[in-house]
Amino acid sequence: MIYFDNVARKLHNGHKSTRIGCRETLILECLLKHSPQAVSKKTLICYGWGNEYIGQTSLAKSISALRRALLAVGADASLVITVPKYGYRLTEGMISYPPADLVCSDDASGQHSASSKETQPAQTQAVSQGRRNAPLYRQCLLIAMTLLLCVATSVFVVGKINGWRWSDLVQRGGLNQKRIGALYVFYPPGSELGFSIEQFLTHSQCNCLVYTEKKYKYATLLFVSKKTHRSTFIRYSPLNIIHATQKIDEFLQQEK
């Protein structure tokens, strides 16, 4: 029997043990949760990487690393079975979580205290629950922000095409307005334009309407040309202002 310690990220087989990576730990958790049923590649990627973009071979590399870890503890690599054109599954009854009295330590001669044995199941459950909930939370947050920005884009573009007065829109929508050079800048009530964003907009002049908003760790900029009705949307972090600068420069070059 192969024992899988998802807290220490280790596989145990008798006196042999080996550590596995974070992604391999999450993948094995997902496979063990659904064992002996097959798990699709899409489900494994979502469980192991959340909403992060990964290449086509990342999952295959993690499966290979997991199989090498099984070989390192004297087990058969075929315990992780490939299901063609679908995903992977585990051989039933060959891998399980360790019993409560199993001592797991980086030092083969080390011993855990009685108190750590009692708290280990609770820690395991908390870590696993956190890993499952984090990707779902991030996905919901990104979907909500995307919908909000789509609505804002539609309002600006349709309003300009139909000749709406933007001062009336600001009054009805409760947005703050400030003119920076040739730019008419709109931003949510209760917020202020920081010095860095004002300086950035000062050097990004065009005959445009601008909507800016900052939420959590990210800021958004929406430029709408009053002349051509073209628009560009930028989402960036304060640590990646170069990305926003490059996008605006490309937009301004096309407006000339």
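**Strands, helices and cysteines: a Q&A**

Q: Which residue in β9 stands opposite Gln 177?
A: Strands here are DSSP runs of E with at least two residues, while helices are runs of H or I with at least four, and both are numbered from the N terminus. β8 and strand β9 (residues 183–187) run antiparallel and are joined by five bridges; two strands pair if DSSP finds at least two bridges between them. Opposite Gln 177, in β9, you'll find Phe 186.

Q: What kind of model is this?
A: Residues are numbered from 1 along each chain as its sequence is written, and side-chain values use heavy atoms, with hydrogens and water left out. Local features need pLDDT of at least 70, side-chain atom pairs count only at pLDDT 80 or more, and totals for chains, interfaces and linings use all residues: this is a predicted model.

Q: What is the order of the open sheet of five strands?
A: The pairing in this sheet is mixed. Its edge strands, β8 (176–180) and β12 (231–236), each pair on one side only. From one strand to the next, the twist averages 20 degrees. Read across, the order is β8-β9-β10-β11-β12.

Q: What angle does the direction of helix α7 make with that of β12?
A: Helix α7 (residues 241–255) packs on the sheet and touches β10 (208–215), β11 (218–225) and β12, where contact means heavy atoms within 4.5 Å. Axes are lines fitted to C-alpha atoms, for helices over the stretch in contact, and angles run from 0 to 180 degrees between N-to-C directions. For α7 and β12 the angle is about 170 degrees.

Q: Is Leu 252 buried or exposed?
A: Leu 252 sits in helix α7. Leaving aside residues up to four places away in sequence, Leu 252 touches Ser 204, Gln 205 and Cys 206. The cut-offs are under 20% relative accessible area for buried, over 50% for exposed, and partly exposed in between (1.4 Å probe, protein chains only). At 13%, Leu 252 is buried.

Q: What kind of aromatic pair do Phe 223 and Phe 251 form?
A: Rings of Phe, Tyr and Trp (its six-membered ring) pair if their centres lie within 6.5 Å; planes under 30 degrees apart are stacked, over 60 edge-to-face, and the rest tilted. That rule gives two aromatic pairs. In this one, the centres are 6.3 Å apart and the planes 65 degrees, so the pair is edge-to-face.

Q: Which helix holds Phe 251?
A: The pair links distant parts of the chain, with its two residues 28 apart. Phe 223, in strand β11, is buried at 0% relative accessible area, and Phe 251 is buried too at 2%. The helix holding Phe 251 is α7.

Q: Is the link of Cys 206 and Cys 208 left-handed or right-handed?
A: A disulfide is a covalent bond between the sulfur atoms of two cysteines; here it counts if those atoms lie within 2.5 Å. The structure holds one, joining Cys 206 to Cys 208 with 2.3 Å from S to S. Both Cys 206 and Cys 208 are buried. With -130 degrees about the S-S bond, their link is left-handed.

Q: What is the order of the open sheet of three strands?
A: The pairing is antiparallel. β4 (39–40) and β5 (80–83) each have a single partner strand, so one side of each has no neighbour in the sheet. β5 pairs with β6 (residues 87–90) over four bridges. The order is therefore β4-β6-β5.

Q: At what angle does helix α3 run to β5?
A: Within the β5 and β6 pairing, Ile 81 stands opposite Arg 89 in β6. Helix α1 (residues 22–34) packs on the sheet, touching β4, β5 and β6, at about 65 degrees to β6. Helix α3 (residues 58–72) lies across β5 and β6, and its angle to β5 is about 150 degrees.

Q: Which residue's side chain makes a polar contact with the side chain of Asn 6?
A: Asn 6 is in the loop between β1 (2–5) and β2 (10–13), and it counts as buried at 4% relative accessibility. A polar contact is a pair of N or O atoms within 3.5 Å; within protein, one must be able to donate a hydrogen and the other to accept it, and residues adjacent in sequence count only if both atoms are side-chain atoms. At 2.9 Å, the partner is Glu 29.
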